[in-house]
Structure formats: C-alpha cells, structure tokens
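Student: I would like to go through this model with you, one question at a time. Could we begin with the overall fold and then turn to single residues?

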Amino acid sequence: AFWVLALSVKNQVVERREISRGSLTGVDVHPREVFRFLITARAAAGIVVHNHPSGDPTPSADDVELTQRLLACGQLVGVPVIDHVIVAAHGFRSLLAGVDG
C-alpha cells in the first residue's frame, strides 16, 4: 500500500490517504495522484509511505526513481515531499532522512 501524509506548516499530519494498493511485487504510483491529494488537502508539505511485503525495507531502484520524481514535482508545484519511508516486517527505512529502524 502507498500512503501520503499531508502536513501543516508545523509539519503536523493534517490528513492521510491511501493512494494506491499493489500486489506482492509492486504498486503503481503516479505523481499526479500524490499531488492531487496534497494540493486539495492544502498541505504545506508531504511524506510518502509504503510497505515492502518481503519484510526487507531496503529501497529498490524503482523506489529511488519514484522518490526523485516526487521531489522534482513537489519543487515544481510548491509542495515539497520531505520524506519517503518504507515500512517492512524487519524495520523501516527513511530514504531522505537516512534513518533506519
């Protein structure tokens, strides 16, 4: 599942929404769906979150590419994506903050 958290100017979550639900091996996410939600939620910024059913939170090449696309789109529309978090059975990984758990 791929979720988006809409944040206030104080980085508090004001709304959240599941954008897409995938299969065991992937989920299709288009930036337009992410930013449609963030813009209509009047978010100051956003965080995107998805899970890895494999249990391993290591980002795939697709995860990294999607993150880069979302960062570029956020900069263009003025709603920055401040993190992309992968959640898994064996921990989590923050792609932008560089935090593992």
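The questions and answers below go from the whole chain to its strands and then to single residues.

Tutor: Please keep in mind that this is a predicted model, in which local features need pLDDT of at least 70, side-chain atom pairs count only at pLDDT 80 or more, and totals for chains, interfaces and linings use all residues. Residues are numbered from 1 along each chain as its sequence is written, and side-chain values use heavy atoms, with hydrogens and water left out.

Student: In what order do the elements of the protein run from the N terminus on?

Tutor: Helices (H or I, at least four residues) and strands (E, at least two) are taken as DSSP runs and numbered from the N terminus. On that basis the protein has two helices and five strands. Read from the N terminus, the order is β-β-α-β-α-β-β.

Student: What is the radius of gyration of the protein, and how does it stand against the globule rule?

Tutor: The radius is taken over C-alpha atoms, and the globule rule is 2.2 Å times the number of residues to the power 0.38. For 101 residues that rule gives 13 Å, and the protein comes close to this, so it is as compact as a globular protein of that length. Along its principal axes the C-alpha trace spans about 35 × 25 × 20 Å. The radius of gyration asked for is 13 Å.

Student: What share of the contacts in the protein with a separation of 6 or more comes from residues 24 or more positions apart?

Tutor: Contact here means heavy atoms within 4.5 Å. Among the contacts with a separation of 6 or more, the share from residues 24 or more positions apart is 58%.

Student: How many bridges join β1 to β2, and in which sense do these strands run?

Tutor: Two strands pair if DSSP finds at least two bridges between them. Strand β1 covers residues 2-7 and strand β2 residues 13-20, and Ala 6 stands opposite Glu 15 in β2. The two strands are joined by six bridges and run antiparallel.

Student: Which residue in the hairpin of β1 and β2 takes a positive phi near 60 degrees?

Tutor: Most residues other than glycine have a negative phi. The hairpin has five residues between its strands, and the residue in question sits in the loop between β1 and β2. With a relative accessible area of 48%, it is partly exposed (buried means under 20%, exposed over 50%, partly exposed in between, with a 1.4 Å probe and protein chains only). The residue is Asn 11.

Student: Which residue in the loop between α1 and β3 has a positive phi, and is it buried or exposed?

Tutor: The phi concerned is near 55 degrees, in a residue other than glycine. At 77% relative accessibility, this residue counts as exposed. It lies in the loop between α1 and β3, and it is Arg 42.

Student: In which sense do β3 and β4 pair, and over how many bridges?

Tutor: Strand β3 is made up of residues 45-52, and strand β4 of residues 81-88. Within this pair, Val 48 stands opposite His 84 in β4. The pairing is parallel, over seven bridges.

Student: How many residues of β4 are buried, and how many bridges join β4 to β5?

Tutor: β4 and β5 form a hairpin with two residues between them, and Val 85 stands opposite Ser 94 in β5. β4 is largely enclosed by the rest of the structure, because six of its eight residues are buried. The bridges that join β4 to β5, which run antiparallel, come to four.

Student: What separates the C-alpha atoms of Leu 5 and Val 48?

Tutor: Leu 5 has its place in strand β1 and is buried, with a relative accessible area of 18%. Not counting residues up to four places away in sequence, Leu 5 touches residues including Leu 38, Ala 45, Ile 47 and Val 49. Although Leu 5 and Val 48 are 43 residues apart along the chain, their C-alpha atoms are separated by 6.3 Å.

Student: Is His 52 buried or exposed, and at what relative accessible area?

Tutor: His 52 lies in strand β3. Leaving aside its neighbours within four places in sequence, His 52 is in contact with residues including Pro 57, Asp 63, Ile 86 and Val 87. His 52 is buried, with a relative accessible area of 15%.
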